[in-house]
Amino acid sequence: MTTIFIPGPPQIAVSVKKSARAKRLSLRVSSLDGRVTLSAPNRVSPRKIEAFVFEKEAWLRQNIIRVPAPIKVQIGSEIPVFGRRVFLAKSSTSRIWHQEDQLFVPENRSNPAARVLGYLKTLARDHLTQKSDFYAGQLGQDYCRLSLRDTRSRWGSCSQDRALMFSWRLVMAPQDVLDYVAAHEVAHLEQMNHSKQFWAVVERLYGDYRPARAWLRDKGAELHRYRFVD
Ligand SMILES: [Zn+2]
């Protein structure tokens, strides 16, 4: 993959992906993090690709503005935890601890953002495991394992071999939203589809899931703004 840079400000980096399947040149701005990707058929020359990118500069500038800027996680910044604003303060000990709306993060000898990330993953795992166990119990179903990832295209999944996967970023969403995603994936243990019957199972487990779905659709991209590593 090559990258074309359009000089700024702001400079725009366009990742060029060549593929045999691409039928034409197409540009995409990720609504999650503003990354720009150009898909190009294999046969198109680098010169043509570059010309195309610069031709679309005005369009790119317009569309990139709509993507919210990334937020670097560090001492002094704020992150949502279960949907509530939490201020990252400096811990005087080597422990990370939480009190009301402050998370105390040790700074010495460790990367504070990595400590925050570890803390969030533990919270996410505890909560999602507890909820998945509860919903699976209600259904009389079992899952084989639960894993966390940093997925961009989906918040959770349930595989054919009954493994549940969740995005740890969900721990930043309101608790109802986490619970909904757990109920959604657990419901797939019974219905491996998105049929009417599937949604009836979700509703039986969780209740009215529409507000939580709407939250993910409207505000989910916000959770991808937080950068824990450089
Ligand atoms: Zn699903």
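What share of the contacts in the chain with a separation of 6 or more is accounted for by residues 24 or more positions apart? In this predicted model, the share is 46%. With that figure stated, I shall describe the chain as a whole and then turn to some of its parts.

The chain has 230 residues, and buried residues make up 25% of them. Its secondary structure comprises six helices and 13 strands. Measured out along the principal axes of the chain, the C-alpha trace spans about 60 × 50 × 30 Å. The domain assignment divides the chain into domain 1, given as 2–65, and domain 2, given as 78–227. Taken over C-alpha atoms, the centres of domain 1 and domain 2 are separated by 33 Å.

I turn now to a pair of helices. Two packed helices are described by the angle between their axes and by the distance between those axes. Here the pair is helix α3, residues 112–139, and helix α4, residues 175–187; they pack at an angle of about 45°, and their axes are 9 Å apart. That angle makes α3 oblique to α4. The crossing in which α3 passes α4 is right-handed.

Which residues meet in this contact? From α3 come H127, L128, K131, S132, Y135, A136 and L139; from α4 come L178, D179, A182, A183 and V186. By character, the residues of the contact of α3 with α4 comprise eight nonpolar, two polar and two charged.

Helix α3 also holds R125. Is R125 buried or partly exposed? R125 counts as partly exposed, because it has 16 C-beta neighbours inside 10 Å, whereas a buried residue would need 20 or more. I would also ask you to locate K48 in the structure. From C-alpha to C-alpha, R125 and K48 lie 48 Å apart in space, and they are 77 residues apart in sequence.

My last residue is L216, which is found in helix α6, residues 210–219. L216 has 17 C-beta neighbours inside 10 Å and therefore counts as partly exposed. How far apart in space are L216 and A173, C-alpha to C-alpha? The distance is 8.5 Å, with their positions 43 residues apart in sequence. Leaving aside residues up to four places away in sequence, L216 touches W155 and V177.

Definitions and conventions: Residues are numbered from 1 along each chain as its sequence is written. This is a predicted model: local features need pLDDT of at least 70, side-chain atom pairs count only at pLDDT 80 or more; totals for chains, interfaces and linings use all residues. Axes are lines fitted to C-alpha atoms, for helices over the stretch in contact, and angles run from 0 to 180 degrees between N-to-C directions. Helices (H or I, at least four residues) and strands (E, at least two) are DSSP runs, numbered from the N terminus. Angles under 35 degrees count as roughly parallel, over 145 as roughly antiparallel, 65 to 115 as roughly perpendicular and the rest as oblique. A crossing is left-handed if the near helix is turned anticlockwise from the far one by less than a right angle, and right-handed if clockwise. Two residues are in contact if their C-beta atoms, placed from the backbone, lie within 7 Å. Ala, Val, Leu, Ile, Met, Phe, Trp, Tyr, Cys and Pro count as nonpolar, Asp, Glu, Lys and Arg as charged, and the others, Gly among them, as polar. Domain bounds come from an automatic or database domain assignment. A residue is buried if 20 or more other C-beta atoms lie within 10 Å of its own, exposed if 12 or fewer, and partly exposed in between; C-beta atoms are placed from the backbone.
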